[in-house]
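Biologist: I'm new to this one and would like a close look at a single part of it. Could you take me through one strand and its surroundings, step by step?

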Amino acid sequence: MDKYSEAPVRPFRPGWVPTLVVLALLPGLIALGCWQLGRAEEKRVLLATYAERRVEAPIATAQLLSKEDNAFRRVHLYGRFDAEHSVLLDNRMRDGKPGVELLQPFHDQASGLWLLINRCLLYTSPSPRDQRG
């Protein structure tokens with residue numbers, strides 16, 4: 001026999017304070033769980049919509065203006081980029097690698113509109129400051 005088998009077994013009896021705290025928090029935790037499940041469904045629908053848009057035929061700029069949500073739509077453009085007014089968004093990550101996003105204005109000749117286009121992610125090496133642990 002070891003020393004632990006001789007100890008008397010006491011039944012679990014939580015006090016009133018922990019019981020009241022759990023009972024007070026339980027409705028809020030259940031509500032948060034329901035919200036999270038609803039949000040997961042919203043995200044599944046959103047990702048399915050974006051996947052559909054990636055395979056659709058490109059649309060003209062005039063059609064783009066008539067639609068409310070244009071995220072991930074393919075658009076047919078003809079014009080030029082304005083490299084002088086480029087914008088770099090710092091502190092971006094893709095596949096665990098740091099970089100900056102290059103945004104450039106684009107003048108569409110067919111519609112005369114200026115559009116801000118995300119050209120690419122330019123990967124950067126981490127600075128020595130970031131590598132210190």
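Modeller: Here is a walk along strand 3, its partners, and then the pocket and loop that come after it in my tour. Keep in mind that this is a predicted model.

Let's start with the strand itself. Strand 3 covers residues 97-108, and 9 of its 12 residues are buried, so the rest of the structure largely encloses it. Buried here means under 20% relative accessible area.

Now for its partners. Strand 1, residues 79-81, pairs with strand 3 in the antiparallel sense, over 3 bridges. If you want a spot to look at, find Gly-79: it stands opposite Asp-108 in strand 3.

Next comes strand 2, residues 87-94, which is antiparallel to strand 3 and joined to it by 6 bridges. One pair to click on is Leu-88 with its bridge partner in strand 3, Leu-102. Strand 2 and strand 3 make a hairpin with 2 residues between the strands, and Asp-95 in that hairpin takes a positive phi near 55 degrees.

Then there's strand 4, residues 114-123. Strand 3 and strand 4 also run antiparallel, with 9 bridges joining them. Look for Gly-99, whose bridge partner in strand 4 is Tyr-123. These two strands form a hairpin as well, this time with 5 residues between them, and Gly-112 in the turn has a positive phi of about 80 degrees.

Strand 4 also leads us to the largest pocket, since this strand gives the most to the pocket's lining, with 4 residues. The space in that pocket comes to about 340 Å³. Among the residues that line the pocket are Leu-115, Leu-116, Ile-117 and Asn-118, along with Phe-72, Arg-73 and Val-75. Sorted by class, the lining has 7 nonpolar residues, 1 polar and 1 charged.

Two of those lining residues, Arg-73 and Val-75, bring us to one last stop, Glu-56. You'll find Glu-56 in the loop between helix 1 (16-55) and helix 2 (61-66). Leaving out residues up to four places away in sequence, Glu-56 touches Arg-73 and Arg-74. From Glu-56 to Val-75 is 9.9 Å in space, C-alpha to C-alpha, although they sit 19 residues apart in sequence. Glu-56 itself is partly exposed, because its relative accessible area is 36%, and partly exposed covers what lies between the buried cut-off of under 20% and the exposed one of over 50%.

Note on methods:
Residues numbered from 1 in each chain as written. Predicted model: local features only at pLDDT ≥ 70, side-chain atom pairs only at ≥ 80, totals over all residues. Heavy atoms only, no water. 1 Å grid on protein atoms, 1.4 Å probe; cavity = no way out; pocket = protein on both sides within 12 Å on 5 of 7 lines; lining within 4 Å. Points joined across faces, edges and corners; volume = space filled by probe spheres on them. Nonpolar A, V, L, I, M, F, W, Y, C, P; charged D, E, K, R; others polar. Buried < 20%, exposed > 50% of the residue type's maximum accessible area, 1.4 Å probe, protein only. Pairing = 2+ DSSP bridges. Contact = heavy atoms within 4.5 Å.
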